[in-house]
Amino acid sequence: MQQAIHLSGSANDTAGNRSDCPHVVLPEELFFTISVIGVLENLMVLLAVIRNKNLQSPTYLFICSLAMSDMLGSLYKVLENVLIVLRNRGHLEPRGRFETTADDVVDSLFVLSLLGSICSLCVIAADRYLTIFHALQYPRIVTLRRAALVLAVIWACCTASGIAIVAFFHHVPTVIAFTALFPLMLAVTLCLYVHMFLLARSHARRTTTLPRANMRGALTLTVLLGVFIVCWAPFVLHVLLVTFCPADPYCACYMSLFQVNGMLIMCNAVIDPFIYAFRSPELRDAFKKMIFCSRSQ
């Protein structure tokens, strides 16, 4: 986010005399390349679900929601690079009205990506829970229409929240609320996992085994959640340090890794589609058909 970048820069200037950590600078071309790959990969996930009727189920609809979040995160960096090129070539007035508005729109995409990812992972966790422990009632409880309605409400709330967060990001309460969503999501998902584990152990004592496909889906969610935490947690920590200890040399040392943290976020969008393809035979087959059909044409 531009706000985080500006705050990080001024914070490191303040603490620069007391910190010996140099800024880690990554090439913009690398950011742009990984971002474009992330956009294309997640667009491929969306097209695979749209074009294959056997993938048009609530579970894959929730996966599409996560893919959309990842795609917005990559699109944010692509658009940011375009704005930088236009400004460097003199087509945009530095810090002018258009660039400021464009920055706010791009930053809203970034926040929307994070909020969408958090909500999508929570919904996928709830879907896995219902699939495993309410398998008989699942088709009646989670219909395609209800899943679409839930996602519509979630994305409407995320969009409104993203705009509000960008508009008031310079206020400390907004930063606290923004960063609190991360541990809150972890707490909700952890509670679901503990409950699933306890129920799974109870079911194992009374019955033979739980459906293998359902447990495979739960393992896929575990991998997705782990990758999300690894890729996003460093940035969330960066925002907290910029807000609460900008002049501390140790905080400034960590903030010098800002671009590395940003690269991790871009990598999340590239890794997730590989997880879908590796864990889902149906989606993997859909990818193969799309790739080989396009080559034959």
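This passage describes the annotated spans, the nonpolar cores and one helix pair of a predicted model. Local features are reported at pLDDT of at least 70 and side-chain atom pairs at pLDDT 80 or more, whereas totals for chains, interfaces and linings use all residues. Residues are numbered from 1 along each chain as its sequence is written, and side-chain values use heavy atoms, without hydrogens and water.

An unreviewed UniProt entry lists several spans as "transmembrane region", including residues 59–79 and 256–278; such annotations may be inferred rather than shown by experiment. Residues 59–79 are 100% helix and 0% strand, with end C-alpha atoms 30 Å apart, while residues 256–278 are 91% helix and 0% strand, with end C-alpha atoms 35 Å apart. Helices here are DSSP runs (H or I, at least four residues), and strands are runs of E of at least two residues.

The largest nonpolar core, a set of buried (under 20% relative accessible area, 1.4 Å probe, protein chains only) nonpolar residues joined through side-chain atoms within 4.5 Å, has 73 residues, and Phe 228, Trp 232, Phe 235, Tyr 276 and Leu 283 have the most contacts inside it. Among the helices that each supply at least two residues of this core are α3 (58–88), α4 (97–133) and α8 (212–244), and α4 gives the most, with 16 residues. Apart from this core lies another of six residues, among them Leu 241 and Met 255.

Helices α3 and α4 pack at an angle of about 160°, with their axes (lines fitted to C-alpha atoms over the stretch in contact) 8 Å apart. This angle makes α3 roughly antiparallel (over 145 degrees) to α4.

Technical notes. Buried < 20%, exposed > 50% of the residue type's maximum accessible area, 1.4 Å probe, protein only. Axes fitted to C-alpha atoms, helices over the stretch in contact; angles between N-to-C directions. Parallel < 35°, antiparallel > 145°, perpendicular 65-115°, else oblique.
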